[in-house]
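Reader: I'd like a close look at one small part of this model, and then a tour of what lies around it and further along. Could you take me through it slowly?

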Amino acid sequence: MELLYQHYGKSITSLAYAETIKSCKSFDNSGFDNWLRKLTLEPRVELFWWRLSRFSIPTNEFLKFRMLGNNDLCASGCLVVENCAHVIVHCKSLIEIIGMLRTWSFNIPFFSSLKECLQQLILLSIAKLDIVKIYCTAIFLAWNRRNDVKHGNPILPILIIASNILITTTNKYPILVNWDAFLLRESETSWHPPPLGWIKINVDASLLDSNSVSIGGVVRDSKGSLLLAFGKQTLHWDINQLELEAVYSLKDFIHDWMFDCKGLIIEGDNYNVIKHLYDSVTKSKVINQISEKISFIQDFNKVIFHHTSRNCNRVADLCATLALNNSFCFYFISSPDIPRSLCCLMKKEYEDCILRLVCNNFFLFSS
Ligand SMILES: [Zn+2]
């Protein structure tokens, strides 16, 4: 009881956590702070971990102890007391997120105790800093999800949170490619939305025997909502050139507000075109000169070129096909002139996406 009154509301578990931190290679607070700073986490993630080390995270155990709440069980529904150790190591929500990252070949460890977790993170930070950063960011985003559950807000699917973790921890790389291996591996059979705050543009081209040629594209957000669908007739006859033109033509359709997104994914099913674009942009960074045709991407925070399967590019393909008759540009799925086939396909992809997220097991595959 003496302990309870000595430390201004810190619970026994919090004090034990303090001792755990200190026991890790003489980690007093300043040692922990120095280690934390060297991780170069995103500021909001670093601040969260700093607060964790000061026990200022309002877990349900903490709130009950301070008589600010009457339920000390995990807000994510784990039926055990929610304390720092639970948040950092044991919560089922966190386990699911790490499980998702592991299916994408990220070897993120599971820990059996808070002490083991901290000790291993310290060791890992020497040789595998990225793994530690991903783990620390996962805790932060899992905590945000827990807050959404607790306050009755809409919650993000585990898949999106796992994607956001990777985006957050890799934001020093403005342009990434070959994310096929992990980020979107689960979506080989159908289109998948971008992470929260990002937009994705799918592009395609259509070429008929009669030399009717057209390009098309669709812009959607993380909810799968339509932001823009376009198609236009054009003159090229080489399919690679056509698909390149589909990307170049984006500058005619992109609006200023799109630049406010966290990042842009440009996706197409022609590997050569996506690779060519990636190589061009990478080279342009070296020579500090970018082709005027693609210079609009510099106005985005981050850009990812992503090659995908034809199955994942159906709407863009349909836009290109529809444009063989007439050029068009739609901003709303409820637009009176939007072709029924396009409307139905986008609705179907949206519903499929939501259904898969709900059924989560679709994404469980062995890595
Ligand atoms: Zn939990």
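Which is T40, buried or exposed, and how many other C-beta atoms lie within 10 Å of its own?

Author: Happy to! This is a predicted model, in which local features need pLDDT of at least 70 and side-chain atom pairs count only at pLDDT 80 or more, while totals for chains, interfaces and linings use all residues. Residue numbers start from 1 along each chain, following its sequence as written.

T40 is exposed, with 12 other C-beta atoms within 10 Å. The label goes by that count: 20 or more is buried, 12 or fewer exposed and anything between partly exposed, with C-beta atoms placed from the backbone. T40 sits in the loop between α3 (29-38) and α4. Helices (DSSP H or I, at least four residues) and strands (E, at least two) are numbered from the N terminus. The backbone of T40 deserves a glance as well: its phi is near 50°, a positive value in a residue other than glycine.

M67 makes a nice companion. Its phi is also positive, about 60°, although M67 is not a glycine. M67 belongs to the loop between α5 and α6 (84-90), and it counts as exposed, with 8 C-beta neighbours inside 10 Å.

Now for α4 itself, which covers residues 43-53. The axis of α4 comes within 10 Å of the axis of α9 (residues 129-150), and the two cross at roughly 80°. (Axes are fitted to C-alpha atoms over the stretch in contact, with angles from 0 to 180 degrees between N-to-C directions.) On the α4 side, V45, F48 and W49 take part, and they meet C136, T137, F140 and W143 of α9. Contact here asks for C-beta atoms within 7 Å.

The loop between α4 and α5 (60-65) holds S56. S56 is exposed, with 12 other C-beta atoms within 10 Å. The C-alpha atom of S56 lies 10.0 Å from that of C84, 28 residues away along the chain.

F48 also leads us inwards, as one of the members of a core of 40 residues that includes L94, A162 and I167 too. A nonpolar core joins buried Ala, Val, Leu, Ile, Met, Phe, Trp, Tyr and Cys residues through C-beta atoms within 7 Å. A162 and I167 are both among the buried residues of α10. Twelve of the twelve residues of α10 are buried, so that helix is largely enclosed by the rest of the structure.

That core is separate from the largest one, which has 43 residues, with L264, I266 and C319 touching the most other members. Helix α14 (residues 314-322) gives the most to the largest core, namely six residues. Beyond its neighbours within four places in sequence, C319 is in contact with G216, G217, V218, A229, F230, G231 and L342.

For contrast with T40, try D269, in the loop between β5 (263-268) and α13 (271-287). D269 is buried, with 20 other C-beta atoms within 10 Å. Setting aside residues up to four places away, D269 touches D204, T308, S309, R310 and N313. The C-alpha atoms of D269 and E243, 26 residues apart along the chain, are 9.3 Å apart.

Stepping back, the chain has 15 helices and seven strands, and 39% of its 367 residues count as buried. Among contacts between residues at least 6 apart in sequence, 70% join residues at least 24 apart.

Key
Two residues are in contact if their C-beta atoms, placed from the backbone, lie within 7 Å.
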